[in-house]
Amino acid sequence: MKSRGRDQLNLIDFPIAGLQYQQPKDSEGKRPDELVCVIDSYDRELDKVVPRKLTRRTASRHGFPTPLEDEVLVGLLTLTRLKNNFTLPRIEFRNAELFDLMGWPHNGSSTTRLGIALDRLTGLTLKYENSWTTEDGSFEKEFTTGILESYNFAKQVQGRRSGSSVFSWVQWASEVFADIQRGNVKELNTDEYFSLQLPISRRIYRFLDKQLVQNAHFEMELTTFAGHIGLSETKHIGKIKERLASAFAELEQIPSFCLPATVEQRFIKRGPGDWLLIAHRSAATESQAVGTSPTVRTAVGTEGAASLVCDFYTAWNGATYHRPTSRELDQAQSIIDTFGIDAASAVLPLVVKEMKHLFPEAKAFGATMRYWGDAHKTYRKRQEQAKQRACEHEENLQASKKNEYEVRRRETLRQRWESLSESRREQIRVRVRSNCSGTVRQFLDQKKYKDPLVMLACLECLNADDADLASL
């Protein structure tokens with residue numbers, strides 16, 4: 001697979017998937033039927049601020065898309081470009097091809113995840129209001145579409161394995177595919193995209209990559225940017241900055257993306273509650289905007305191949321200067337065409353380490369050729385492990401926040417209980433007694449009012465009646 005993928009411009013501007021791996025819940029703790037995102041945006045033609053809205057509805061029993069579906073969406077767009085260059089809305093592929101592109105392991109877990117992702121993407125309906133861009137750059141007043149129209153998922157459940165001959169296929173929704181054929185797509189470096197560990201980093205990468213291709217300098221009102229990224233669940237400036245800062249710290253590790261900046265340089269305060277987010281395109285990104293294909297030998301491609309060869313000799317024997325031969329350049333270019341320049345540079349230390357163990361007498365760059373495949377698998381495996389650790393960290397963080405909230409909620413309830421008159425408390429105990437477990441009823445009869453089970457039942461009853469707790 002090549003590092004140059006494609007991204008659909010209208011699917012970048014609004015968050016299609018959530019930033020959490022868990023399904024969203026409404027105020028009653030149930031899965032919602034729809035999710036709405038509204039972003040206020042200035043309309044130059046109307047000369048006023050216009051709300052742009054995306055409503056997501058799902059028919060999938062698996063719920064709404066998560067960060068995993070974002071990865072599959074980008075993977076499928078890239079596969080369509082590689083398979084037929086967007087000439088047909090249906091593509092056939094082996095599941096392993098998509099796994100390799102996304103860096104997923106070849107195992108049953110990935111197969112299950114892919115099946116769920118295809119179901120979620122097919123079951124998703126998107127209703128755009130003043131937010132779907134047309135050919136002339138204006139916005140459709142109202143536009144409804146899906147992403148995938150249908151799919152066939154090749155999953156062997158019994159019998160002998162039939163190997164790599166089994167194909168899956170997907171068919172793009174007609175409206176989305178027509179928009180793609182009109183040229184409403186952009187290049188996307190999938191090696192860089194899939195190397196990112198945090199879902200919010202990958203989301204920012206897609207959105208900001210679109211902006212920085214057009215202008216070297218980017219700025220946007222902070223909460224508006226947060227809405228485009230999918231952080232609209234909070235308006236707390238400090239929390240938004242904290243989440244974005246961690247994402248930019250990861251993005252700045254990609255030299256070709258955006259210039260590093262301090263927190264003070266990244267977030268500019270214009271007034272009370274009014275902040276700007278600032279980003280600048282790196283010099284390397286400007287060269288990528290030309291659209292050079294990595295499969296064509298150009299000055300840029302040759303420079304990357306030469307650097308890879310020279311980096312090998314420096315790591316192998318400490319050579320500070322080496323003039324690559326034409327054969328070495330061809331070999332290095334084939335590696336770059338296969339893995340991408342960034343992935344190749346990241347994998348090189350693993351290749352050198354393996355060679356020093358298995359082939360220490362090697363003299364030339366050509367000896368590396370047999371080691372790249374396994375080294376790249378190790379590299380992807382480490383990425384997957386890092387991604388898993390990031391997911392676990394996010395889950396632990398959410399659990400911790402939920403626990404903190406529960407502690408604050410119960411403490412507030414306890415304070416409310418202490419402020420009640422004894423007659424009011426007795427009224428609540430009577431209500432609890434009519435609808436509680438036998439144990440709690442027994443304790444109430446014995447007047448064990450301070451028993452933890454009794455207190456918990458009374459506090460929850462108070463919570464149900466107390467509208468003041470909505471401010472928590």
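At what angle do helix H14 (residues 372–419) and helix H17 (residues 452–465) pack, and how far apart are their axes? In this predicted model, the two helices meet at an angle of about 90°, and their axes lie 10 Å apart. Because angles of 65 to 115 degrees count as roughly perpendicular, H14 and H17 are described as roughly perpendicular to each other. On the H14 side, the contact is made by Arg409, Arg410, Leu413, Arg414, Arg416 and Trp417, while H17 contributes Met455, Leu456, Cys458, Leu459, Glu460, Leu462 and Asn463. Sorted by character, the residues of this contact comprise seven nonpolar, one polar and five charged.

**The protein as a whole**

The secondary structure of the protein amounts to 17 helices and twelve strands, and of its 472 residues, 47% are buried. If one considers the contacts between residues at least 6 apart in sequence, 68% of them join residues that are at least 24 apart.

**Two buried residues with polar contacts**

Glutamate 71 and threonine 145 can each be followed from their place in the secondary structure to the partners of their side chains. The table sets out the polar contact of each.

| Residue | Partner side chain | Polar contact |
|---|---|---|
| Glutamate 71 | Arginine 202 | 3.3 Å |
| Threonine 145 | Glutamate 175 | 3.4 Å |

Glutamate 71 belongs to helix H1 (residues 67–84), and it counts as buried because its relative accessibility is 0%, where the limit for buried is under 20%. When residues up to four places away in sequence are not counted, glutamate 71 touches Met102, Trp104, Tyr193, Phe194, Arg202 and Lys387, so that Arg202, its polar partner, appears in this list as well.

Threonine 145, in turn, is part of strand E6 (residues 139–146), and with a relative accessible area of 4% it is likewise buried. Leaving aside neighbours within four places in sequence, threonine 145 is in contact with Leu124, Thr125, Leu126, Tyr128, Trp132, Ala173, Glu175 and Val176.

**Helix H4**

Val176, which is among the contacts of threonine 145, is also one of the buried residues of helix H4 (residues 174–181), together with Phe177, Asp179 and Ile180. These buried residues cover an arc of only 155° around the axis, and therefore they lie on the same side of H4. Just after H4 comes glycine 183, which takes a positive phi of about 95°.

How values were computed. Residues numbered from 1 in each chain as written. Predicted model: local features only at pLDDT ≥ 70, side-chain atom pairs only at ≥ 80, totals over all residues. Heavy atoms only, no water. Helix = DSSP H or I, 4+ residues; strand = E, 2+ residues; numbered from the N terminus. Buried < 20%, exposed > 50% of the residue type's maximum accessible area, 1.4 Å probe, protein only. Polar contact = N/O pair within 3.5 Å; in protein donor to acceptor, adjacent residues only side chain to side chain. Contact = heavy atoms within 4.5 Å. Arc of directions from axis to C-beta. Axes fitted to C-alpha atoms, helices over the stretch in contact; angles between N-to-C directions. Parallel < 35°, antiparallel > 145°, perpendicular 65-115°, else oblique. Nonpolar A, V, L, I, M, F, W, Y, C, P; charged D, E, K, R; others polar.
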